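Here is a colleague's note for a first reading of the structure. Please keep the view open while going through the points.

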Amino acid sequence: MKITVAGAQKDFPGGLTVAQLIELENVETPEYVTVSLNDEFVENGAFTSTVLNDGDSVEFLYFMGGGC
Amino acid sequence: MAFTNEQLERYSRHILLSEVGVKGQKKLLNAKVLIIGAGGLGAPAALYLAAAGVGTIGIADADTVDLSNLQRQVIHSTPDVGKAKVLSAKETMLAINPEITVNTHRTFVAADNIMELIDGYDFILDGTDNFPAKFLINDACVLAGKPFSHAGIIRFKGQLMTYVPGQGPCYRCVFKEPPPPDAVPTCKQAGVIGAMGGVIGSLQAMEAVKYIIGKGDLLTGSLLTYDALKMEFRKIKLPRAKNCAVCGEHPSILAPFDYEQAVCELKH
């Protein structure tokens with residue numbers, strides 16, 4: 001199935017969860033990433049239970065604390 | 001208020017723009033913007049807002065200028081090392097534009113002073129370097145109904161979003177609470193390209209100017225991310241979180257409060 005991750009379309013096996021995608025994509029600081037799926041936030045507690053579908057679009061939003 | 005010949009000349013490149021004109025320039029001259037943090041983000045933002053003729057600019061920072069600041073904090077110069085950042089910033093801003101008013105607030109923002117600090121300003125710019133301050137500014141602005149620009153920079157990356165009351169998500173909608181101290185690197189630990197502050201801080205100034213003149217689309221409901229190594233800007237749509245603790249349907253945060261600060265971030 002095709003999923004758009006951070007704007008780039010990629011092929012993934014069916015049945016992939018958000019948690020598995022986070023691992024496959026080597027997300028930095030995965031415990032603190034915010035995920036939006038088709039422009040809706042996915043609760044952290046639902047990463048393992050949220051199964052992705054063909055055509056989904058996922059964005060990873062990262063903490064950026066600097067300003068110094 | 002009629003413009004003097006000197007003002008017409010100083011602001012001529014603004015006045016030429018149909019989106020600004022004399023009317024927009026008057027709005028800028030009457031506007032009050034508070035910049036929290038006179039660092040990598042606040043420095044370029046303060047320079048451009050001062051040059052733009054934003055009539056009253058507040059600048060809040062408790063630090064003094066350090067030699068390690070000068071790689072990116074372009075409002076301070078080598079002779080300013082050791083001087084209070086707010087004073088150094090004020091001197092540079094007034095040298096660029098003597099007709100503006102610069103209010104200096106030599107303090108770190110905290111729960112017990114932030115509501116008073118932001119009161120009276122039309123737009124707030126978050127140029128702080130730590131998560132407790134970023135969440136505090138968000139909560140205070142949401143509670144006080146003030147628009148603000150959030151930004152963060154690290155290494156070769158930067159991002160920003162704009163909050164306008166009633167027009168989209170706040171920072172806490174996206175990031176529920178600060179990561180534990182030291183769990184996510186800051187630019188002090190991980191480094192940052194000096195020009196990143198210039199890029200993102202200037203974009204924050206741009207958002208403030210657009211908000212004041214009331215033209216264009218703001219980054220409300222969007223996070224603009226910039227990756228300098230890939231030379232890529234992306235605008236990511238942000239939903240509102242209905243369960244947001246401060247701007248949601250049943251908020252649990254009713255007053256600003258302080259989070260614990262990472263020890264390594266307490267200096268500079």
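The points below take up the sheets, the helices, the cores and the contact between chains.

1. This is a predicted model. The remarks below describe that model and should be read in that light.

2. Begin with the sheet of chain B. It is an open sheet of eight strands in the order 3-2-1-4-5-6-7-8, with mixed pairing. Strand 3 (101-105) and strand 8 of chain B stand at the edges; each has a single partner strand, so one side of each is left without a neighbour in the sheet. On average, neighbouring strands of this sheet are turned by 15° against each other, direction ignored.

3. Several pairings in this sheet can be followed one by one. Strand 2 (residues 56-60) and strand 3 of chain B run parallel and are joined by five bridges. In strand 3 of chain B, B:Thr104 is the residue opposite B:Ile59. Strand 1 (residues 32-36) and strand 4 of chain B also run parallel, joined by four bridges, and B:Ile36 faces B:Asp126 in strand 4 of chain B.

4. Strand 4 of chain B deserves a closer look. In a regular strand the side chains alternate between the two faces of the sheet. Here B:Phe123 and B:Leu125 point one way from strand 4 (residues 123-126) of chain B, B:Ile124 and B:Asp126 point the other way, and all are buried.

5. Strand 4 of chain B is joined to strand 5 of chain B by two bridges, and the two run parallel. B:Ile124 stands opposite B:Phe148 in strand 5 of chain B. Between these strands the chain passes through helix 7 of chain B, and this β-α-β crossover is right-handed.

6. Which strands do the helices lie across? Helix 4 (residues 42-51) of chain B lies across strand 1, strand 2 and strand 4 of chain B, at about 165° to strand 2 of chain B. Helix 10 of chain B lies across strand 1, strand 4, strand 5, strand 6 and strand 7 (222-227) of chain B, at about 170° to strand 5 of chain B.

7. The largest nonpolar core has 81 residues, and B:Val33 and B:Ala46 touch the most other members. Helix 10 (residues 194-213) of chain B gives the largest share of this core, nine residues. Leaving out residues up to four places away in sequence, B:Ala46 touches B:Ile35, B:Ala38, B:Ile57, B:Ile59, B:Ile75, B:Ala89 and B:Met93.

8. Is B:Gln167 buried or exposed? B:Gln167 counts as exposed because it has 12 C-beta neighbours inside 10 Å. B:Gln167 lies in the loop between strand 6 and helix 8 (171-174) of chain B.

9. Chain A has an open sheet of five strands in the order 2-1-5-3-4, with mixed pairing. Its edge strands are strand 2 (8-11) and strand 4 (40-42) of chain A, each pairing on one side only. Strand 3 (residues 34-37) and strand 5 (residues 57-61) of chain A are antiparallel, with four bridges; A:Val35 stands opposite A:Phe60 in strand 5 of chain A.

10. Where the chains meet, 32 residues of chain B are in contact with 16 residues of chain A. Strand 5 of chain B supplies the largest share of the chain B side, four residues. By class, that side of chain B has 16 nonpolar, ten polar and six charged residues.

Notes. Residues numbered from 1 in each chain as written. Chains lettered and ligands numbered in written order. Predicted model: local features only at pLDDT ≥ 70, side-chain atom pairs only at ≥ 80, totals over all residues. Contact = placed C-beta atoms within 7 Å. Nonpolar A, V, L, I, M, F, W, Y, C, P; charged D, E, K, R; others polar. Core = buried A, V, L, I, M, F, W, Y, C linked by C-beta atoms within 7 Å. Buried ≥ 20, exposed ≤ 12 C-beta atoms within 10 Å, placed from the backbone. Pairing = 2+ DSSP bridges. Right-handed = clockwise from strand over helix to strand, strands pointing away. Axes fitted to C-alpha atoms, helices over the stretch in contact; angles between N-to-C directions.
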